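Okay, everyone, thanks for coming. Let me put the structure up, and then I'll walk you through a couple of sheets, a cavity and the cysteines.

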Amino acid sequence: MLTGKVVDTNGEPIIGANIIEKGVYANGVITDLEGTFKLRVKQDAVIEVSYIGYVKKEVFTKGRDFVTVTLQEDAKTLEEVVVVGYGSQKKISVTGSVASIQTEDLLKSSQANLAAALSGRLPGLATMQTSGRPGGDDVTLYLRGASTTNGVNPLILIDGVPRDGIATLDPNEVESVTVLKDASATAVFGVRGANGVILITTRRGEVGKTELSISVDHSLQQFTVSMDRIHSWEYAELRNQAFTNDGKDAPYNVYMIDMYKSGEDPVFFPDRDIMSEFFKKWAPQTRVNVNMNGGTEKINYFINVGYIGQSGQFKTESPKALGYDPSYKMNRYNFRSNVDYKLASNLKLSLNLASYLQQSNTPQCQDLYNGNLNSMIADMVAHAWATPPTTPGPVTMPGYTTDTGAEIPANQIVGSNFNTDIKNNKWGELNRRGYQEVTNMNLNSSLAIDWGLDFITKGLSTKFMVAFDAASSTTLTARRVFDVYRAYPAQSPDEKSYYQAIEVDKQDVLGAPTRSNASNYYLNLQYSINYARQFEKHDVSAMALFQRDNWQKANADLPYNMLGLSARATYAYDSRYLAEVNVGYNGSEQFAKGQRFGFFPAFSAGWVASNEAFLRDNPVLTHLKLRASYGKVGNDKLGNDRFLYLDNISVTGGQISSLGRGQSISIGKFGNRNITWEVAYKQNYGIDLKLFHDFSLSVDYFKEKREDILISRGTVPEVLGISTADLPKVNMGVVDNQGFEIESGYQKRLDSGISFSFKGNFAYNENKQRNMDEAIYSEDYAYRYRKTGYSIGQLFGYKIDYSNGNGFINTPEELEKAKKMYKIGTPRLGDFLYQDLNGDGEISEKDMAPIKYSNVPRISYGFSGSVDWKGLDFSFHFSGIAKCSRLYNSWRATEFASEGVYSNWHKHAWTQERYANGERIEYPALAASTGVSHVANDFFIMDRNFLRLKNVELGYSLPKHWLQKVSLSKVRVYINGNNLLTWKKIKVNAIDPEQSWEVNYPLTKMVNFGLNVVF
């Protein structure tokens, strides 16, 4: 009788490890809760010890009656198979450009949006989160940059079905996220594959004991950016400076400034801290997840239930006092059930059901913003941040009167000092307009039958899948109006401060709620035949798939339809020489007959040199693979307009008698029956290597030529008699895109029990517009094109002339000279001095030049690391972008917004005194209205480069021998943070470079505390 114990490298027992006697049928046991076992074996037996996630080990037992077996974690287990389009392949046989991330890394982020958790994790994938609003934290994805002026988002498939619901997925239900980047990997998607593909695979049950996992965490979140604290008297002095520079009367006199400084009258001469008034310093977020997986030889199951509750940063009045809750907040409930059932040994039925219900609460936005939530948020964030600290409010105070002595009721909204537009009373908009609740519900379902056809020929199988998704959105709106008063601070000691009614006697009660609904659906049918077989050293596989899609985007929309065929064939000889062919054939109703179907082939090859005899046992270079691919892929994302091949000509009213009844012909946009999809010709060359089994490196170089890009004509003369906007769009655009990606990693386990790993990735892409049908400017322009020859979205502006030392107009002599040259406005002292690039003695639009880059990042990168030791674990992750620019000459960057907005860098604006004293100058002379300094130039076109600490986590798992006594498998406590630190080149504290607009709801950073218990 052989007894023994199975442990991991930390000495912890492994429960459920398999022990079998090698060469003997049906003689085996599994370890108990202590990791021990008993097995009757022959005297010279060899036992095999194995467990999921560990390297199998053989132990010789001759002369031994007790053995201790230590199993090593198998870091390669998850890498053996990778998900590809409509299937999976052994990683060693993949010849395309593919990268993936597992659920372990995704769970380290507390982000409510799964897409945000991908930032810096996958080479070539750049993520830009545009908003931090609860329930609206949108993320823009760029896979290898941009190669078109139309839709650039990659195709997203969840469990093989095209779906866009990545933002609402619970990370706990995701097994892996894989990006497919080159033509070899994406050709099977045909007309939808040119922008790359993201495959999300959800978790499935595994054979073995049922495992129940419960996780709870609580976060505190705060804006990543904030306005500088400008005191009321500082604001007044800066505002006076701006008006004086423009030759206008100063709005604040000495008496008023003294009153602000003294604090004698905090009602009419306040020193408001706007950020503290309108926004919470910390807002809570709570996540709860319960998932269960397990299975038998007959049935496997995975069940997941998740909840996330996220509060917004805006402060609101008490719901008890208002009678309703106008706050920004979101509650989402996720459910998933993935079940696999073996009807027979060769017949498997798989049923996936997933659903979520999301309730987002906001202030009411129907009355002023036509129901456009994004417009309300932008306006509310912009004007809240732009509220001057000198403005009385936000509500009236008791004991005050009008100028005639009439008493003013307390707690009424105070309007703007300089603008009585009710839309600018943000405290009123936030609290007294009512509320809106949007409930989104979604059901994703799929049923698949996988039938093994080995009875026909070994390795043959077929699969049928039907997927049906349904979504609905219900908006509940309750309206209210409110009274508005205006405050008039005294201008001198002899005057009296007072309120004045602006809009009063409103019906200040909450109206009856109204409800509106919208719904849509998505139907996907797939049938495939698959073949995979090995003949000695020859490994072959093939796949042919038919697909039909039918979906509706919104109520009363005409359904969309798409048909497609896909095929793949792979061949590997002795795991050394690899070849693959992928084909997509798609049809779309978006185009005219004769233009609806396209053929998209791709070819790839690979050589695993490390499997050659001369490298097979090399202890240094343990893996080396070379690969290359070339192919053609399509893109049918051509904007929101449909059926562009049809003319838009109608009969309308008019005075042309020949048409009868006073009618006439209205000519809208002309159609183009030759319109078709964009075509991308892609090349990819890659190398994968490993050194000492520990260090890995992958390098890819890619090149793409995107043709037939749908554009509007730019060289048709206006004398044609038709508006250029009504001319038919054409497939004339051509864009080249190329770059490279590097991914590396190192992992090691030391004898002391410490294990650590480091990963990093870097990606560079650069596109150039080769043909955009752009009219060339005349020869007196310094740069005669704005698109052709430049990257998509290349910024143009005026170059500042620093030849005088600081780039400003400093002296009256320089000012007189500038006045004669400037054709873009009237310059002042302290304005920028621009370069005359075309040498015509004038500063005009003809001098505009390309400045920096576009708003699509050319560089994206990330690096991370982790350390584990005896249950203690620590990890970090950084991500960043570079060579990305944007024009910031509006909100938060300049002093122009509402009644003026100032930050610390405006304190160092140009003045004659600062120039004369040689003091630091960071900004042009302040102004009350925009001027020549505030046009696009190389000062306000700023770099969006940033490096962000996306995640850092410290955790501790209790020893397993402690937990066995209470029948637990794992207990882990952890604390982590997201977006805690950001390094950026933009000088303004109030701007987050990741966001696409300064007045979007700001992004948040989080501190998170959590507990995970596994039974």
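Before the sheets, a word on terms: two strands pair if DSSP finds at least two bridges between them. Strands themselves are DSSP runs of E, at least two residues long, numbered from the N terminus. Also, this is a predicted model, so to speak of local features we need pLDDT of at least 70, side-chain atom pairs count only at pLDDT 80 or more, and totals for chains, interfaces and linings use all residues. Residues are numbered from 1 along each chain as its sequence is written, and side-chain values use heavy atoms, with hydrogens and water left out.

Right, the five-stranded sheet. It's open, the pairing is mixed, and the order reads β10-β15-β16-β13-β14. At the edges sit β10 (98–102) and β14 (161–162), each pairing on one side only. What does β10 do with β15, residues 174–180? The two run antiparallel, with five bridges between them. If you want a spot to click on, Q102 stands opposite S176 in β15.

Next, another open sheet, this one with three strands in the order β4-β1-β7, again with mixed pairing. Its edge strands are β4 (36–39) and β7 (66–70), and each has a partner on one side only. From one strand to the next the twist averages 25°, taking axes as lines fitted to C-alpha atoms and angles from 0 to 180 degrees between N-to-C directions. β1, residues 2–7, pairs with β4 in the antiparallel sense over four bridges. In that pairing, K5 has T36 of β4 as its bridge partner.

Now, the holes. There are eleven cavities of 30 Å³ or more. By cavity I mean a set of points, on a 1 Å grid over the protein atoms alone, where a 1.4 Å probe fits but cannot get out; lining residues have an atom within 4 Å of a point. Volume is the space filled by probe spheres set on the points, which are joined across faces, edges and corners.

Let's look at the second largest, at about 140 Å³. Its lining has 19 residues, with L143, R144, A194, K682 and E704 nearest the centre. β35 (678–691) and β36 (695–711) each supply at least two lining residues, and β36 gives the largest share, four.

Last, cysteines. How many disulfides does the structure hold? Zero, counting a pair of cysteine sulfur atoms within 2.5 Å as one. C365, at 1% relative accessibility, counts as buried, and so does C884, at 0%. Buried here means under 20% relative accessible area (1.4 Å probe, protein chains only), with exposed over 50% and partly exposed in between.

Technical notes:
1 Å grid on protein atoms, 1.4 Å probe; cavity = no way out; pocket = protein on both sides within 12 Å on 5 of 7 lines; lining within 4 Å.
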